[in-house]
Amino acid sequence: MEIRKASKEDLKQVSRVYVDSWRTTYRGLVPDDYLKELSYEEAEKRWIDFSDNENEPFIYVAINDEGKIIGFASGKSIDEKNFDGELYSLYLLQECRGLGVGRQLVSAIAKHFKEKGIYSMMVWVMKQNKSGLGFYERMGGIEYIHRISTFGGTKVEDVAYGWKDISVICFE
C-alpha cells in the first residue's frame, strides 16, 4: 500500500470512496433517502471546491497494490481558539477498515501539518459513529466540544476530538 498526496486526477476515485463509505458507515444513522441521493458527480464537485479553498486544504490517498484508491484523509488550517489544523475527513472503503490504513492516513495529515508549522489538530465525528469515536480515542484524541449537524432533515450530535500536540500521532 502507498500513502501519497492526492492530485486533481485522483478526485474522481476519492469521490467514489467518499460516497461508498458514507453509504456503509452512516447507514442507520442518517436517513436512507439522504444516502441514496449521494452522487459521485456531486461529491467530485465538492472535493474540487475543497481543494481550491484558501485555507490550504490537502488530501492524502491510500492506494492498494492494484493502484486503486481505498481510502483518503483531508486536512486544512483553521482559525479556532484551541487548534490550528482540522482533520477534515477520513474515509475508507468498508473492506479496508481495521487494517491500519486509517492510522497511516491520519499520520500523513499530522506530518503535513507539522511541516507547515501547525502543531495541534481537531476532528469532528458523529457521536452515533461508535467505531469512529473509538478510533480517535485510540489515536489519543481528547473529546472537547459538541455540535448539532443536520443530514436529510435528521439532527445528529457531533463530537470534536483534539490533539494539542500532533507529534503523538506522527509515525512512520
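Strand β4 is the top contributor to the lining of the largest pocket, giving seven residues. Keep in mind that this is a predicted model. The pocket itself has a volume of about 900 Å³. Its lining takes in 37 residues, and those closest to the centre are Tyr26, Leu90, Val125, Asn129 and Tyr136. Helices and strands both take part: the elements that each supply two or more lining residues are listed here.

| Element | Residues |
|---|---|
| α1 | residues 11-25 |
| α3 | residues 40-51 |
| β4 | residues 85-92 |
| α4 | residues 101-115 |
| β5 | residues 121-126 |
| α5 | residues 130-138 |
| β6 | residues 142-151 |

What's the chemistry of that lining? By residue class, it splits into 20 nonpolar, 10 polar and seven charged residues.

Now for the sheet. Seven strands make up an open sheet with mixed pairing, and the order runs β1-β2-β3-β4-β5-β7-β6. At the edges sit β1 (2-5) and β6, each of which pairs on one side only. On average, neighbouring strands are turned by 25° against each other, if you ignore direction.

In general, strands of a sheet pair through backbone hydrogen bonds, either parallel or antiparallel. For β6 and β7 (residues 154-163), the run is antiparallel, with nine bridges joining the two. Within that pair, Phe151 stands opposite Thr154 in β7.

Helix α1 packs on this sheet, where it touches β2 (58-63), β3 (69-77), β4 and β6. The direction of α1 makes about 95° with that of β3. So much for the sheet side; α1 also gives two or more residues to the pocket lining.

How values were computed:
Residues are numbered from 1 along each chain as its sequence is written. This is a predicted model: local features need pLDDT of at least 70, side-chain atom pairs count only at pLDDT 80 or more; totals for chains, interfaces and linings use all residues. Side-chain values use heavy atoms; hydrogens and water are left out. On a 1 Å grid over the protein atoms alone, a cavity is a set of points where a 1.4 Å probe fits but cannot get out, and a pocket is an open set with protein on both sides within 12 Å along at least five of seven lines; lining residues have an atom within 4 Å of a point. Grid points are joined across faces, edges and corners, and a volume is the space filled by probe spheres set on the points. Helices (H or I, at least four residues) and strands (E, at least two) are DSSP runs, numbered from the N terminus. Ala, Val, Leu, Ile, Met, Phe, Trp, Tyr, Cys and Pro count as nonpolar, Asp, Glu, Lys and Arg as charged, and the others, Gly among them, as polar. Two strands pair if DSSP finds at least two bridges between them. Axes are lines fitted to C-alpha atoms, for helices over the stretch in contact, and angles run from 0 to 180 degrees between N-to-C directions. Contact means heavy atoms within 4.5 Å.
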